[in-house]
Amino acid sequence: MGSMRYFPQRQDAGQAQAERLRGLGQLAASIAHEVRQPLAAIALNADAALRWLDHDPPRLEQARAALALVASAGSHASAVLRSVHGLASQSPGSHHTFAADDAVHDMLQLLRAELLQHAIHVEIQLQPGRPPLCADPVQFRQVITNVLMNAIETLRHTHGRQRSVLLSSRLDGGMQHFSIADNGAGIAPQAAGRLYDALYSSKPGGMGLGLAICRRIVDAHGGRLWHAPGAPHGSVFHFTLPSQ
Ligand SMILES: Nc1ncnc2c1ncn2[C@@H]1O[C@H](COP(=O)(O)OP(=O)(O)O)[C@@H](O)[C@H]1O
Ligand SMILES: [Mg+2]
């Protein structure tokens with residue numbers, strides 16, 4: 001994504017206006033991209049809650065659990081709105097120390113309905129006893145979600161084997177290392193080298209913003225984001241973020 005400068009200097013009025021409109025267009029696209037998943041989680045879980053309440057007798061525990069997810073997705077969506085705006089204006093983000101693996105579990109909960117819908121098996125290998133992560137918690141959730149969404153999107157089209165995702169975390173030379181492996185189609189040859197470019201997508205209707213946003217977030221934390229082919233299928237995305 002190009003830098004978003006809302007108030008550029010030393011330009012004539014026309015150029016400045018065009019630049020501002022371009023920045024606003026990028027901001028709108030990024031917001032649309034980043035709130036899509038939490039909004040989908042709200043709709044799916046609200047529907048589920050209504051169905052539990054329509055049972056005779058109503059299944060209150062299940063309805064309550066679904067509504068708790070609606071609330072959590074709603075507050076994540078509004079946090080994401082603030083975060084995307086902050087990223088666009090290149091503000092440093094709000095760094096906290098927090099347990100990364102709790103955040104990983106929260107995001108998996110929000111993606112649960114989609115994972116179930118596409119019969120995707122998730123395996124989790126989180127190294128216990130790691131120190132807390134030192135990062136912006138909302139941005140960390142955005143990276144996990146965007147990489148997982150890509151895994152779900154490739155796996156939706158994968159047939160003839162159990163669809164699976166392996167999510168792992170470990171401490172690696174003072175940095176926390178996360179990896180998300182899927183056994184989907186792997187990186188298309190025409191996509192190699194362009195994955196992290198804003199607006200590049202090999203999918204019909206894809207916005208091509210997920211990995212560009214992830215790279216921006218990880219870079220801003222002094223971490224690294226990269227990928228490798230999976231064995232025997234799919235791909236593995238890795239990223240590192242600073243530990244306390
Ligand atoms: N897990 C994956 N498996 C295969 N290809 C992937 C995967 N993740 C990303 N890609 C490739 O990277 C491109 C860019 O991803 P992204 O920036 O998230 O945009 P989008 O998902 O909208 O296409 C995708 O269109 C796809 O070609
Ligand atoms: Mg994507």
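User: Let's start with charged side chains. Which residue does Glu19 meet in a salt bridge?

Analyst: The general idea is that side chains of opposite charge can pair when their charged atoms come close. Here, in a model that is predicted, the side chain of Glu19 meets that of Arg22 in a salt bridge, with 4.0 Å from N to O.

User: Where do Glu19 and Arg22 lie?

Analyst: Both sit in helix H1, three residues apart, which is about one turn of the helix.

User: How many salt bridges does a search of the whole structure find?

Analyst: The search finds four. The count between domain 1 and domain 2, though, is zero.

User: You mention domains. Which residues does the domain assignment give to each domain?

Analyst: The assignment puts 13-88 in domain 1 and 96-242 in domain 2. Taken over C-alpha atoms, the centres of domain 1 and domain 2 are 19 Å apart.

User: Now the interface. How much area do domain 1 and domain 2 bury between them?

Analyst: First the general idea: the size of an interface is often given as the accessible area lost when the parts come together. In this case domain 1 and domain 2 bury about 1700 Å² between them, and 65% of that is on carbon and sulfur atoms. You can also look at residues: 19 from domain 1 are in contact with 19 from domain 2.

User: With zero salt bridges between the domains, how many residue pairs are in polar contact across the interface?

Analyst: There are five such residue pairs, with both residues at pLDDT 80 or more. On the domain 1 side, the elements that give two or more residues to the surface touching domain 2 are helix H1 (13-54) and helix H2 (60-88). The largest share comes from H2, with 10 residues. By residue type, that side of domain 1 divides into 11 nonpolar, six polar and two charged.

User: Let me step back to the overall fold. How many helices and strands does the protein have?

Analyst: Five helices and seven strands. Reading along the sequence, you meet them in the pattern α-α-β-α-β-β-α-β-β-α-β-β.

User: And how does the radius of gyration of the protein compare with that of a compact globule?

Analyst: For 244 residues, a compact globule would have a radius of gyration near 18 Å; the protein has 19 Å, so the two agree. For the outer dimensions, the C-alpha atoms fill a box of roughly 70 × 40 × 40 Å along the principal axes.

User: Next, the backbone. Which residues does a cis peptide bond join?

Analyst: The angle to read is omega. A cis bond joins Asp56 and Pro57, where omega is about 0 degrees. Pro57 is found in the loop between H1 and H2. The peptide bond from Ala231 to Pro232 is also cis, with omega near 0 degrees. Pro232 belongs to the loop between strand E6 (225-229) and strand E7 (235-242).

User: Which residues other than glycine have a positive phi?

Analyst: Ala119 is one of them: its phi is about 50 degrees although it is not a glycine. You can find Ala119 in the loop between helix H3 (100-117) and strand E2 (120-126). Leu199 has a positive phi too, near 75 degrees.

User: Where should I look for Leu199?

Analyst: Look in the loop between strand E5 (175-182) and helix H5 (210-220).

Terms used
Residues are numbered from 1 along each chain as its sequence is written. Chains are lettered from A and ligands numbered from 1 in the order in which they are written. Side-chain values use heavy atoms; hydrogens and water are left out. Domain bounds come from an automatic or database domain assignment. Contact means heavy atoms within 4.5 Å. Buried area is the accessible area (1.4 Å probe) that two parts lose on being put together, summed over both. A polar contact is a pair of N or O atoms within 3.5 Å; within protein, one must be able to donate a hydrogen and the other to accept it, and residues adjacent in sequence count only if both atoms are side-chain atoms. Helices (H or I, at least four residues) and strands (E, at least two) are DSSP runs, numbered from the N terminus. Ala, Val, Leu, Ile, Met, Phe, Trp, Tyr, Cys and Pro count as nonpolar, Asp, Glu, Lys and Arg as charged, and the others, Gly among them, as polar. The radius of gyration is taken over C-alpha atoms; the globule rule is 2.2 Å times the number of residues to the power 0.38.
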